[in-house]
Structure formats: structure tokens, C-alpha cells
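Here's a walk through the empty spaces, the nonpolar core and the salt bridges of one protein model. Have the structure open as you read.

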Amino acid sequence: MKNLVDHLSQYAAYHRDTRNILTHFVGVPLIVLAVAVLLSRPGWSSWSLGELWLSPALLATVAATLFYLRLDRPFGVAMGVVLALFLWIGAHLAQQSTMVWLTSGVGLFVVGWVIQFVGHYYEGRKPAFVDDVTGLIIGPLFVVAEAAFLMGMRKKLQNTIEGKVGKTHRRNLKKAVV
């Protein structure tokens, strides 16, 4: 089984251009939120559980959070908080009209992916999930890890990953396209 360093290093190998990483700070959360919105139907309110909205999104959130916690407790807690917030937003939108729910979910999903593909244009590489579908669940964790690195946290982890895949850079587009 892959550990945190293995997963983040493999994903980071596809994300070394700083512009691509920046697009991920917007695109990935939009996509994760879109999935939470779209998976929030069908859903049922459970009064016995404190008005908890029971839906496929809740199951996905619990499963993903457990996966992240298994890899790393601090990142797992951070991901759990973010996913819980997205779950709450998704539940709220799922209780609106079908038009509001579907437009929100699909709109966020499409915009998020457009931003992702712009970032990969800068990178000059295809998205990581094309070669390994686990990139879809590691992408959000990568964004949280990169945010931690930007705040000066987890330097040892950052150095280990950069030792495997190199430091980030800004690629010259003329060289990347040719």
C-alpha cells in the first residue's frame, strides 16, 4: 500500500509548474464541491441525528475522510473539515429546486475542470488521474499539502517530495508547446 509520500510524490510529478498548482487551488475545490452537491441527492433529513442530511455524499465524505486519516492524521483532519463544509453546502443545495441543485453542481464541475485543464496547459502534461485514477482522490489532499507548504508547515514532507520529483518552477510556454 502506498503511503502519504508515495501518493503525494506521484501526484506532484504531474504538478511542478507553479501556475498549474495555483489553478489547482481553485479548480480542485470547485470539483470536490460539485461532487458533494451532485451526490447530495437523493437525500433525507434525519431528525434523530440532529437534522443530518443522509445522502450518497455523506457516505463518500466519510469514506474519503477515513482514507485521508489513514494516510496522515493532521491532513486527514483538515480534509475532514473541508469535506464536512462541502457536505453542508451540498445538502443545502440539494434541498433547493432541481434546477438550482443541478445547475450548481454541473456548473461548478465544468468550471473546475476548465480551470484544471488551463493549469495543465501551463504544465505541458496531462492530469495525473489519466495514468492513475487514484489521482482523483489525491488531488484534494495535494492542494491541502501545498497550502501547508506555503504556510511553512510540514517542511520535512515538502523536502522529501521535492527530493523525489524536483522543486516547482515556472515553465516557459514557448518551450512547452513546441
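The second largest pocket has a volume of about 230 Å³. A pocket here is an open set of points on a 1 Å grid over the protein atoms alone, with protein on both sides within 12 Å along at least five of seven lines, while a cavity is a set where a 1.4 Å probe fits but cannot get out; lining residues have an atom within 4 Å of a point. Eleven residues line this second largest pocket, and Glu-51, Trp-53, Trp-88, Ala-91 and Gln-95 sit closest to its centre. Two elements, β2 (52-54) and α4, give two or more residues to that lining, and α4 has the largest share with four. Helices (H or I, at least four residues) and strands (E, at least two) are DSSP runs, numbered from the N terminus.

Before going on, keep in mind that this is a predicted model: local features need pLDDT of at least 70, side-chain atom pairs count only at pLDDT 80 or more, and totals for chains, interfaces and linings use all residues. Residues are numbered from 1 along each chain as its sequence is written, and side-chain values use heavy atoms, with hydrogens and water left out.

Now for the largest pocket, which holds about 530 Å³ of space. Its lining takes in 28 residues, with Val-32, Val-35, Leu-136, Ile-137 and Pro-140 nearest the centre. Helix α2 gives the most to this lining, six residues. By class, the largest pocket is lined by 21 nonpolar, seven polar and no charged residues; for the second largest pocket the split is six nonpolar, four polar and one charged. Ala, Val, Leu, Ile, Met, Phe, Trp, Tyr, Cys and Pro count as nonpolar, Asp, Glu, Lys and Arg as charged, and the others, Gly among them, as polar.

There's also one cavity of 30 Å³ or more. The largest cavity has about 70 Å³ of space, and its lining includes His-7, Tyr-11, Asp-132 and Ile-138. Helix α1 brings the largest share of that lining, three residues.

What about the nonpolar core, a set of buried Ala, Val, Leu, Ile, Met, Phe, Trp, Tyr and Cys residues joined through side-chain atoms within 4.5 Å? The largest one has 34 residues, and Leu-4, Leu-8, Phe-75, Leu-141 and Leu-157 touch the most other members. Helix α6 supplies the largest share of this core, eight residues. Leu-141 makes contact (heavy atoms within 4.5 Å) with Leu-4, Leu-8, Tyr-68, Leu-71, Phe-75 and Met-79, leaving out residues up to four places away in sequence.

Finally, the whole structure has four salt bridges, meaning a side-chain nitrogen of Lys or Arg within 4 Å of a carboxyl oxygen of Asp or Glu. Here are three of them:

| Pair | Closest N and O atoms |
|---|---|
| Lys-164 and Asp-6 | 3.9 Å |
| Asp-72 and Arg-154 | 2.8 Å |
| Lys-167 and Glu-162 | 3.1 Å |

Lys-164 is in helix α7 and Asp-6 in helix α1, so their bridge ties together parts 158 residues apart in sequence. Buried means under 20% relative accessible area, exposed over 50%, and partly exposed in between (1.4 Å probe, protein chains only). Lys-164 is exposed at 51%, whereas Asp-6 is partly exposed at 30%. Asp-72 is buried at 11%, and its partner Arg-154 is partly exposed at 28%. Lys-167 is exposed at 58%, with Glu-162 buried at 16%.

Note on methods. Grid points are joined across faces, edges and corners, and a volume is the space filled by probe spheres set on the points.
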